[in-house]
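Q: Please take a close look at one part of this structure, starting from a single residue. Then work outward to the metal site and the spaces in the fold.

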Amino acid sequence: MIRKLFTNGRIFSPLDQGTPLAGELQGRVIHFPRGAMCVCNGLIEVVGNEEEVLKNPVCRRIDLEVDCRGYCVIPGFVDCHTHMCFVKRREEEFVQRLEGADYLEILRRGGGILSSVRTVREAPDAELHAMTRRHARAALQLGTTTLEIKSGYGLETASELRMLRIIGQLGREMPQDVVATFLGAHALPWEFTGNPDDYVDLVVHEMIPAVAKEGLARFCDVFCERGVFDAGQSRRILESARSWGLGLKIHADELHDVGGAALAADLRVTSAEHLLRSSEANIRAMARAGVTGVLLPATAYSMRKEYAPARRMVELGLPIAIATDCNPGTGYTESMPFVFGLSVLNMGLSIREALVASTLNAAYAVGLGRKVGSLEVGKQADFLLLDGDSPAILAYHAGVSPVVEVYKQGEPVYSC
Ligand code: NIG
Ligand code: FE
């Protein structure tokens with residue numbers, strides 16, 4: 001047994017209520033101006049004001065004491081939506097978009113997601129693994145201690161399984177907790193042009209059973225979008241995934257409202273992601289259905305689209321999480337500090353709401369709310385030291401990471 005005492009930190013943390021935090025609770029954060037934390041075998045045993053913590057009898061049996069030097073201490077970020085398992089960047093496509101090309105039009109002509117599919121299918125395992133690891137490593141240095149990674153650049157059974165195995169392997173190698181999501185319905189592969197329902201059959205009858213039998217993913221996601229998968233096809237896939245015991249996510253209303261958010265509410269999925277075009281009625285329906293809205297402001301930023309109406313969503317009681325969406329097409333960043341800043345400055349979340357969105361609510365969005373996402377007794381001691389007085393530094397010191405140190409289960413895993 002190893003017991004560590006962390007002293008002299010300005011601690012800020014959401015307060016877990018057993019469900020994602022919505023409405024007024026979205027901004028409920030506890031603050032200990034001079035806080036301390038006792039960590040035993042990687043789990044938080046005591047946390048609070050330093051004076052109180054030091055009175056606790058367990059603090060007489062400490063193996064190691066760490067001075068947090070007055071830095072701001074927050075839970076490690078949970079990046080709950082990424083596509084960082086890919087091999088080749090698409091810088092040219094980015095430049096084409098800057099010059100006016102349309103993202104879905106590029107996809108329709110066989111580029112975009114499909115160009116990533118070509119390179120992933122051809123790449124040796126070692127290359128795919130190395131590139132994904134690079135992204136996960138960058139995320140760690142930017143404070144991400146829990147990470148979701150989607151498949152979706154294979155779009156044939158063997159390649160999808162290969163991606164998920166590599167994602168699983170990374171989870172065993174990296175300090176982060178890694179959650180794998182199966183996204184076989186990310187685009188229609190060229191072999192099925194004109195026959196989307198046949199591809200949906202393949203996803204339902206072959207891919208999902210194989211993923212579930214091998215235990216390769218915790219969630220299944222679908223890109224429900226005009227010209228990609230419609231609401232009916234998305235429903236078939238998600239209902240099948242549910243019957244195989246997978247959790248459900250959906251890319252909904254990213255570029256057009258084709259019924260994604262309505263479906264999310266109807267199926268009571270764990271999380272609906274993007275939501276740039278969602279109607280107020282559907283936001284209310286998702287709130288009633290217990291769905292978490294995962295907002296990806298770096299994508300709106302990179303696509304130069306209007307941001308999701310985050311303020312209104314909080315008012316309507318939809319719990320909000322934020323994530324990077326790290327992918328080679330619509331938004332290439334591993335930086336949760338960047339996303340935090342965008343969510344405050346461009347989506348109107350308060351600092352406290354953004355903290356809850358990037359930690360506890362994001363943890364619930366990947367099914368790990370009971371384990372990570374807040375600095376409370378019984379949770380994993382996953383936390384960051386920030387060079388600032390409060391989490392406001394994340395939005396204030398723009399374009400720079402204030403992350404000084406990263407701890408996973410009480411162990412230092414990065415120091416700048
Ligand atoms: O979340 N929208 C679908 N998937 C990603 C983009 C993936 C890509 O362009 O490679 C997204 O925006
Ligand atoms: Fe995405």
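A: In this predicted model, Y71 is placed in the loop that runs between β4 (64-67) and β5 (72-75). Its C-alpha atom is 5.7 Å from that of L385, although the two positions lie 314 residues apart along the chain. Apart from neighbours within four places in sequence, Y71 touches N8, G9 and R10, as well as L385, L386, D387, G388 and V404.

The domain assignment splits the chain into domain 1, made of 3-76 and 373-415, and domain 2, which covers 77-365. The C-alpha centres of domain 1 and domain 2 are 29 Å apart. Contact between them involves 36 residues on the side of domain 1 and 34 residues on the side of domain 2.

Next comes the metal site. The iron ion (ligand 2) is held by NE2 of H81, NE2 of H83, NE2 of H251 and an OD atom of D325, at distances of 2.1 to 2.3 Å. Along the chain, the donors of the iron ion (ligand 2) are spaced as H-x1-H-x167-H-x73-D. H83 belongs to the loop between β6 (77-79) and α2, and D325 to the loop between β13 (320-322) and α13 (336-345), so this pair links parts of the chain that are 242 residues apart in sequence. H83 and D325 are both buried. For D325 the relative accessibility is 1%, which is why it counts as buried: the cut-off is under 20%. The backbone of D325 also stands out, with phi near 70°, a positive value in a residue other than glycine.

R304 has a positive phi too, near 50°, and is likewise a residue other than glycine. Most residues other than glycine have a negative phi. R304 occupies the loop between α11 (297-303) and α12 (310-315). With 58% relative accessibility R304 counts as exposed, because the cut-off for that class is over 50%. The two residues thus have opposite surroundings: D325 is buried, while R304 is exposed.

A positive phi, near 50°, is also found at R268, the residue that follows α9. Helix α9 (residues 260-267) has six of its eight residues buried, so the rest of the structure largely encloses this helix. The buried residues of α9 are G260, A261, L263, A264, A265 and L267. Their cover includes the helices α8 (231-243) and α10 (280-288), together with the strands β9 (219-224), β10 (247-252) and β11 (271-274).

Closed spaces come next. The structure has three cavities of 30 Å³ or more, and the largest cavity takes up about 90 Å³. It is lined by 13 residues, of which H83, Y103, H186, N327 and T330 are closest to its centre. H83, a donor to the iron ion (ligand 2), is therefore also part of this lining by the 4 Å rule for lining residues. By class, the lining of the largest cavity consists of four nonpolar, six polar and three charged residues.

Open spaces are the last topic. The largest pocket holds about 330 Å³ of space. Its lining has 17 residues, and those closest to the centre are L107, R108, L114, L188 and G227. Two helices, α3 (103-108) and α4 (113-122), each give at least two residues to this lining, and the largest share, four residues, is that of α3. The lining of the largest pocket includes eight nonpolar, four polar and five charged residues.

The second largest pocket holds about 260 Å³. Among the 14 residues of its lining, R90, E92, E93, G112 and S115 are closest to the centre. Two or more residues of this lining come from each of α2 (91-98) and α4, with α2 giving the most, four residues. Helix α4 is thus a contributor to the lining of the largest pocket and to that of the second largest pocket. By class, the lining of the second largest pocket has one nonpolar residue, six polar residues and seven charged residues.

Key
Residues are numbered from 1 along each chain as its sequence is written. Chains are lettered from A and ligands numbered from 1 in the order in which they are written. This is a predicted model: local features need pLDDT of at least 70, side-chain atom pairs count only at pLDDT 80 or more; totals for chains, interfaces and linings use all residues. Side-chain values use heavy atoms; hydrogens and water are left out. On a 1 Å grid over the protein atoms alone, a cavity is a set of points where a 1.4 Å probe fits but cannot get out, and a pocket is an open set with protein on both sides within 12 Å along at least five of seven lines; lining residues have an atom within 4 Å of a point. Grid points are joined across faces, edges and corners, and a volume is the space filled by probe spheres set on the points. Ala, Val, Leu, Ile, Met, Phe, Trp, Tyr, Cys and Pro count as nonpolar, Asp, Glu, Lys and Arg as charged, and the others, Gly among them, as polar. Donors are N, O and S atoms within 2.8 Å of the metal (3.2 Å for Na, K and Ca); water is not among the atoms, so sites may look incomplete. Buried means under 20% relative accessible area, exposed over 50%, partly exposed in between (1.4 Å probe, protein chains only). Domain bounds come from an automatic or database domain assignment. Contact means heavy atoms within 4.5 Å.
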